[in-house]
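Please open the structure in a viewer and keep the selection panel at hand. The tour below proceeds one selection at a time.

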Amino acid sequence: MTNTLYDALFAPLANRPGPLLILPDGATITGTAFLAMVAQTGHALRAAGVQPGDRVAAQVPKSPLALALYGATVAVGAIFLPLNTAYTPAEIDYFIGNATPRLFVCDPDRNAALTPVATAHGAAVLTLDGAGHGSLATALAVQPDRLTPAPRGPGDLAAILYTSGTTGRSKGAMLTHRNLLSNAEALAGLWQFTADDVLLHALPIFHTHGLFVASNTSLLTGGRMIFLPGFDLDAILRLLPQATAMMGVPTFYTRLLDDPRFTRDLTAGIRLFISGSAPLLAETHRAFHARTGHRILERYGMTETNMNTSNPHDGDRRAGTVGFALPGVELRIMADGAEVTPGEAGVIEVRGPNVFAGYWQMPEKTAEELRPDGWFITGDIGRLDADGYLQIVGRAKDLVISGGFNIYPVEVEAELDAQPGVLESAVVGLPHPDFGEAVFAVLVPQPGVILDPESVLAGLRDRLARFKQPKAAVVVDALPRNAMGKVQKAALRKTHAGWFAAATS
Ligand code: AMP
């Protein structure tokens, strides 16, 4: 009997007596010990009534046991549903109501607030904290340390990941065993991961990046992970010399660059730095290269599709681009129902074994974004450069239409970022009585700089067509970001919604 994902990622740990997880204090968990945790957790899930096909929802701090919970859910043939640790009880109520899991696992600190929410939707509750304590830990301790996995095929669901919902209500992306395994195989090959790799893993494991891109790729190739509960600058600086690879969101790399202790020497043993989940500024890419000699490899993906494209491992890693389609993944750029001529911008569509099976219990939403012939409409706008590298220009929903002209925020942001004293920027469209929408810029100054928004905008006069130039700008200390480092444009639009109405009244 086979269980597609379990057989590829977890079963081989039976032959791994050496370290699998390296913890911040230097302690290690061997592959065999981790597999025993997976087995015991799987038995605890079964004891809690979890059957193949059931959902197991978890809002727990990152820990080795939290990763074992993922493995155990896959092993018993259930569907793993990890939730951002920042979600409030009201948000959890939505997810549990939508996904109706058999079991909900939460931090003991939140048990009192969340148990009524879970039980209202018929879910049993167990707890698990970041140190590996809680009622799930107690329940699994008395269980056998071997388990026969439930049979599951490539088309069965392994996980439901809710989209981050920066533009609307979160939707549950249904991911199959094939989706996850095919993507791990493609990435492992492309990025040349082997059993000798030690991956510095500081990403959260409730998101596709930390759970699938990082953990699955490492598990598949038999490497080790330095498993940190979160981004801790001191811990990362201390542990980097033990690693061979690191995956991060762009803010990881800007925070490292902000610290003078981050030097070329510290990164001498690293073979690969990878970035994704949000745009890496070309400036960060260049500064990182200047400081360390490493060119960060940027890739692009999303909850619904796993990873779609990557810059090359061997070859030119181009700042400001996300490279080429992964092996087995097709990509096209569409506008007005047809592929654009090369070089033009349009909506990115992808097709391949990585593309999800639809949104959980939302057939209309699925039909809007997933074509019957398998092409997924990503909602990202991109263009291919002359050498075929994909450039992300923005989200379709972020497109600003001012006086009938289309403006891609990324183009304006790149010009703003290049102005003296600007650290970074975000461009949004705000309601405007004449133009429908007007381009508005939010600027973050470099440390110690006092920015004058008017002179920054003046610097764009010879650089951009007039209709693209922001009609106003404000200076803020920092941009609002979610846990994965994505700028929350909906929040910016809301905060500044009345700007032009007020300015022109
Ligand atoms: P999520 O589903 O939370 O992983 O968010 C996916 C979205 O993040 C994509 O649709 C893109 O808009 C954005 N994204 C991911 N990687 C990149 C990247 N390397 N550059 C620009 N945007 C990215």
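**The ligand and its surroundings**

Begin by selecting the ligand in this predicted model. Around the ligand there are 16 residues, and the closest are Glu298, Arg299, Thr303, Asp380 and Lys486.

Next, display Asp380 together with the ligand. An N or O atom in the side chain of Asp380 is 2.6 Å from an oxygen atom of the ligand. Then turn to Glu298, where a polar side-chain atom lies 2.9 Å from a nitrogen atom of the ligand. Show the backbone of Ser277 as well: one of its polar backbone atoms is 3.2 Å from a nitrogen atom of the ligand. How much of the ligand does the protein bury? Taken alone, the ligand exposes 500 Å², and the protein buries 92% of that.

**The domains**

Now colour the protein chain by its domain assignment, which gives domain 1 as 4–153, domain 2 as 191–295 and domain 3 as 399–503. Select domain 2 and domain 3, whose centres, taken over C-alpha atoms, are separated by 30 Å.

**Where domain 2 meets domain 3**

Restrict the view to the residues in contact: 10 residues of domain 2 touch 8 residues of domain 3. Between them, the two domains bury about 610 Å², with 71% of this area on carbon and sulfur atoms. Which three residues of domain 2 supply more of its buried area than any other three? Select Thr251, Ser277 and Leu281, which supply 47% of the area that domain 2 buries against domain 3. Ser277 is thus a residue to keep displayed from the ligand view, where its backbone was shown.

Finally, inspect the polar side of this interface. Between domain 2 and domain 3 there are 0 salt bridges, and 1 residue pair is in polar contact. By class, the side of domain 2 that touches domain 3 has 6 nonpolar residues, 4 polar residues and no charged residues.

Methods
Residues are numbered from 1 along each chain as its sequence is written. This is a predicted model: local features need pLDDT of at least 70, side-chain atom pairs count only at pLDDT 80 or more; totals for chains, interfaces and linings use all residues. Side-chain values use heavy atoms; hydrogens and water are left out. Domain bounds come from an automatic or database domain assignment. Contact means heavy atoms within 4.5 Å. Buried area is the accessible area (1.4 Å probe) that two parts lose on being put together, summed over both. A salt bridge is a side-chain nitrogen of Lys or Arg within 4 Å of a carboxyl oxygen of Asp or Glu. A polar contact is a pair of N or O atoms within 3.5 Å; within protein, one must be able to donate a hydrogen and the other to accept it, and residues adjacent in sequence count only if both atoms are side-chain atoms. Ala, Val, Leu, Ile, Met, Phe, Trp, Tyr, Cys and Pro count as nonpolar, Asp, Glu, Lys and Arg as charged, and the others, Gly among them, as polar. A residue is near a molecule or strand if one of its heavy atoms lies within 4 Å of it. Accessible areas come from the Shrake-Rupley method with a 1.4 Å probe; for residues, only the protein chains shown count as cover.
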